[in-house]
Amino acid sequence: MECGKAFAPEPAGGGAEPRTGPHFPTVVAMMRTLSSATVALSLMTLAAPTASATPPDAAPHWHYTGPAGPAAWAQLDPQFAACSTGRLQSPIDIRDATPAPLPPLEFGYGSISPAIVNNGHTVQVNVPPGHVLKVGERRYELQQFHFHTPSEERIQGRASAMVAHLVHRDAEGHLGVVAVLLQPGEQRSGFDAVFEHLPQRAGETLTVENLSLDLPSLLPATSRYFDYEGSLTTPPCSEGVHWMVLREPVRLSPRHIKAFRRLYGSNARPVQPLNGRPIKVSP
Ligand SMILES: [Zn+2]
């Protein structure tokens with residue numbers, strides 16, 4: 001999952017969404033409000049954007065490759081230490097899961113008018129309050145979702161083309177992330193609305209007038225899942241994250257997968273040692 005700084009103590013009035021994460025590029029943020037009718041035309045030329053400067057961010061930049069790549073994240077900032085010293089890190093290769101009577105995932109999602117953010121590492125959709133996931137006694141609210149390619153989590157060693165991480169938080173600040181694996185296919189899903197409006201530049205936020213995103217349509221038909229305890233998959237790699245990886249994938253058009261890869265290349269942290277953690281799977 002993306003952007004741990006979002007889950008540090010919240011600024012007043014702020015959501016968990018990392019609109020300015022530790023890696024947020026110091027670029028000009030462009031807020032574009034477009035009508036649906038104009039979106040099909042050129043986003044670059046038609047909108048009358050209102051520009052606002054993103055505050056400078058002193059946090060170090062991290063990347064998925066090169067000298068600031070995953071192996072070096074812990075050295076970039078003392079706050080990123082868990083990226084190398086943590087024992088419960090994510091993602092993992094899911095093998096030998098133990099069947100267990102896990103509580104069902106009860107999604108209480110509705111529709112939103114999405115704000116779609118290119119934060120330099122991924123595309124992220126920030127979700128306003130009110131969209132709930134209940135898991136046993138836990139009541140989480142969806143904060144944001146974002147994408148990685150290939151999928152960070154592996155199942156029996158195999159990655160999917162992409163993954164969506166649906167990041168939730170409960171009232172005490174516990175994080176619960178639902179991973180939806182995305183595999184190539186032409187069935188429509190709620191993700192299409194996002195991939196048809198990818199902001200092209202880092203720091204850009206796109207809102208589309210009259211665009212409604214039906215959050216339940218992001219989910220596969222069944223919600224059997226793998227369950228384990230892990231961490232953020234981006235700096236600062238904080239632990240204590242409850243991972244719920246759905247077994248059934250959702251299909252995404254190869255055209256959308258290509259468009260995402262053109263923007264971000266590979267943005268997946270390598271799998272981390274399990275260190276004896278149990279992995280459960282619902283029956
Ligand atoms: Zn993620």
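## A walk through the predicted model

His242 sits in strand β18, which covers residues 239–246. Everything described here comes from a predicted model, so let us begin with this residue and then widen the view. Is His242 buried or exposed? His242 counts as partly exposed because 18 other C-beta atoms lie within 10 Å, while a buried residue would need 20 or more. Once residues up to four places away in sequence are set aside, His242 touches His174, Leu175, Gly176 and Glu229.

Lys280 makes a good companion to His242. Lys280 belongs to strand β20, residues 280–281. Lys280 is also partly exposed, since 14 other C-beta atoms fall within 10 Å. Without its neighbours within four places in sequence, its contacts are Ala97, Thr98, Ala100, Leu102 and Asp227. Both residues also have a C-alpha partner from elsewhere in the chain, as the table shows.

| Residue pair | Separation in sequence | C-alpha to C-alpha |
|---|---|---|
| His242 and Leu175 | 67 residues | 6.2 Å |
| Lys280 and Pro99 | 181 residues | 5.7 Å |

Contacts of this kind bring us to the protein as a whole. Among contacts with a separation of 6 or more, 69% link residues 24 or more positions apart. The protein has six helices and 20 strands, and 42% of its 283 residues are buried.

### Around strand β13

Let us turn to β13, residues 162–170. How many of its nine residues are buried? Eight of them are, and the strand is mostly covered. β13 pairs with β10 (residues 138–148) in the antiparallel sense, over eight bridges. In that pairing, Phe147 has Ala164 of β13 as its bridge partner.

β13 also runs antiparallel to β14 (residues 175–184), and eight bridges join the two strands. One facing pair here is His168 and Gly176, the latter in β14. Gly176 is also one of the residues that His242 touches. The connection between β13 and β14 is a hairpin with four residues between the strands. Within the turn, Gly173 has a positive phi of about 95°.

### The nonpolar core

In soluble globular proteins, nonpolar side chains tend to be buried together. In this model, the largest nonpolar core holds 55 residues, and those with the most contacts inside it are Ala164, Val177, Ala179, Val180 and Leu182. Which strand gives the most to this core? That is β14, with seven residues.

Ala164 links the core to the strand pairings just described. Leaving out neighbours within four places in sequence, Ala164 is in contact with Phe145, Phe147, Val180, Leu182, Phe191 and Leu218. Phe147, its bridge partner, is thus also on the contact list.

### A small open sheet

Elsewhere, three strands make an open sheet in the order β3-β11-β12, with mixed pairing. β3 (93–94) and β12 (158–159) are at the edges with a single partner strand each, so one side of each has no neighbour in the sheet. β3 and β11 (residues 154–155) run parallel and are joined by two bridges. Ile94 stands opposite Ile155 of β11.

### How far to trust the coordinates

The average pLDDT of the protein is 84, and 79% of the residues score at least 70. Over residues 3–56, however, pLDDT stays under 50. The model still has 95 contacts beyond four places in sequence for that stretch. Where pLDDT is low, the predicted coordinates should not be read in detail.

Terms used. Residues are numbered from 1 along each chain as its sequence is written. This is a predicted model: local features need pLDDT of at least 70, side-chain atom pairs count only at pLDDT 80 or more; totals for chains, interfaces and linings use all residues. A residue is buried if 20 or more other C-beta atoms lie within 10 Å of its own, exposed if 12 or fewer, and partly exposed in between; C-beta atoms are placed from the backbone. Two strands pair if DSSP finds at least two bridges between them. Two residues are in contact if their C-beta atoms, placed from the backbone, lie within 7 Å. A nonpolar core is a set of buried Ala, Val, Leu, Ile, Met, Phe, Trp, Tyr and Cys residues joined through C-beta atoms within 7 Å. pLDDT is the predictor's confidence in each residue, from 0 to 100.
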